[in-house]
Structures are given as structure tokens and as C-alpha cells.
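Hi everyone, thanks for coming. Let me walk you through how the inside of this structure is put together.

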Amino acid sequence: MNTVRLRRLQADYELVRHLVRTHQRITIEGISGNPPDRYRLFLNVRSIRKSGSELHYVNKHHLEIWLPQDYPREPPVCRMLSPVFHPNIAPHAVCVGDHWTAAESLDRIIMRVCEMLAFQSYNTKSPLNGEAAQWVETHLAQLPLDKEELFIDLDAPANRVMADASACSNCEAPTGGLERCAAGHILCDECRLYCDNCKALLCLACGVTACEHCAVG
């Protein structure tokens with residue numbers, strides 16, 4: 001393997017490991033390669049999905065990133081493994097190449113995808129999904145869908161998440177079966193609720209016991 005590529009893959013791997021330890025919205029499902037050149041991640045960001053003719057809020061997304069043979073001279077190949085309704089996301093690709101340079105590390109690209117999912121970032125002038133671009137133009141007052149800052153300073157102490165956290169944010173019960181809500185609260189099996197319609201996680205620690213407008217207007 002090319003030495004430059006090998007060093008870059010290893011550096012990116014360390015940065016992504018740091019990212020998932022400190023960012024409340026991002027977890028790794030799996031990796032492939034040594035060092036990794038393929039990642040599968042879960043992103044907990046409020047976005048929308050189209051089912052039939054209806055749009056629905058959705059909070060959990062499945063992202064795959066593949067680093068091609070010519071990376072970092074060529075950009076990563078990103079695609080959503082779960083459906084997303086966004087001007088710059090198609091079933092086969094997430095458009096990250098327009099503003100990508102070889103100096104941009106993989107952890108920053110992942111956070112950029114989070115911003116896109118939240119509709120904090122979009123380009124309606126050259127869309128991959130024309131229908132989504134039209135929807136954005138007529139729903140600007142509703143955007144972004146997720147207002148929390150998703151592109152964070154990973155070294156800031158306030159943004160660090162302890163990897164060994166073992167207590168539920170709602171009841172403080174010690175348990176190994178933990179899941180985080182979109183706001184980063186850790187929830188045990190007893191404190192996790194789901195919307196009957198869209199299956200979105202409802203967080204007791206956030207005070208959310210009913211899905212907010214399951215269908216998008």
C-alpha cells in the first residue's frame with residue numbers, strides 16, 4: 001500500500017475514534033480494513049425522510065464512507081444506507097466533494113454530513129434531489145431542522161463524552177444496556193420510549209413523551 005495513503009488512513013482512523021468518543025451524536029457500527037478504509041456510522045440528527053408521498057421526521061441515520069484507492073487525492077465516497085430527503089443527498093451518494101480538499105480530515109467530513117442532515121447546510125442550485133431542493137425553497141422558515149451546533153471543537157472539555165458512562169440520564173440506574181437520544185442523554189431499557197408511528201426515540205430526560213409533529217408540513 002502507498003505509504004502516504006497508509007499514513008493518512010491511520011491518521012483518519014485515530015481522528016474518527018476521537019470523534020465518536022467526544023461527539024454525542026455519532027457512533028461507529030463497523031469498520032473494514034487495516035487501517036480502515038470503510039466506515040459505517042450511526043448519526044443521531046433530526047432530519048426528514050420521504051415515505052410514499054409523506055415526509056416524516058427521523059432522528060437516526062446510517063452512513064457509509066469508503067476511502068477510494070486514490071484517497072486523499074480523491075474525496076471520500078459517502079452514501080446513506082437509510083433514506084434521507086435532502087437536496088444534496090441521493091441514494092447513491094452524499095455530495096461532499098464540492099468543498100472538499102485533501103487537507104480535510106475524515107472526522108470533519110462526518111460532522112459536515114451531520115450538518116447536511118440537519119439542514120444547516122444545503123445547496124439548492126445544483127441538487128441531487130430536485131424535489132428536496134424545491135421543498136427547501138418553500139420551507140426556509142422551518143430550517144434548520146436540528147438547531148444544535150454539530151460541527152464542534154473536539155478538544156473542548158465541554159464537548160467531551162465519557163466513554164465509560166454507565167448511568168441513565170433519567171433515572172441514574174447503572175446498566176450496560178444504554179442508548180443515547182438525539183440530545184446526547186444516556187437512556188436505560190426502562191427509560192427508552194419510541195413513537196408508535198415513526199419509531200423515533202422519545203427521551204424522558206428531555207421531557208419528550210410524544211413525537212413532535214410526526215408528519216412534516
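Let's begin with helix 3, residues 130–138, counting helices (DSSP H or I, at least four residues) and strands (DSSP E, at least two) from the N terminus. The buried residues of this helix pack against strand 2 (36–51) and strand 3 (54–66), where contact means heavy atoms within 4.5 Å. A quick word on the source: this is a predicted model, where local features need pLDDT of at least 70 and side-chain atom pairs count only at pLDDT 80 or more, while totals for chains, interfaces and linings use all residues. Residues are numbered from 1 along each chain as its sequence is written, and side-chain values use heavy atoms, with hydrogens and water left out.

So which residues of helix 3 are buried? They are A132, A133, W135 and V136, with buried meaning under 20% relative accessible area, exposed over 50% and partly exposed in between (1.4 Å probe, protein chains only). Down the helix axis, the buried residues fall within an arc of 160 degrees, taken from the directions from the axis to the C-beta atoms, so they line one face of helix 3. On the face turned away from that side sit Q134 and T138, both exposed.

Now the largest nonpolar core, meaning buried Ala, Val, Leu, Ile, Met, Phe, Trp, Tyr and Cys residues joined through side-chain atoms within 4.5 Å. This core has 31 residues, and L43, L106 and I110 have the most contacts inside it. Its largest share, eight residues, comes from helix 2. A second, separate core of 10 residues includes I48, A132, L143 and L145.
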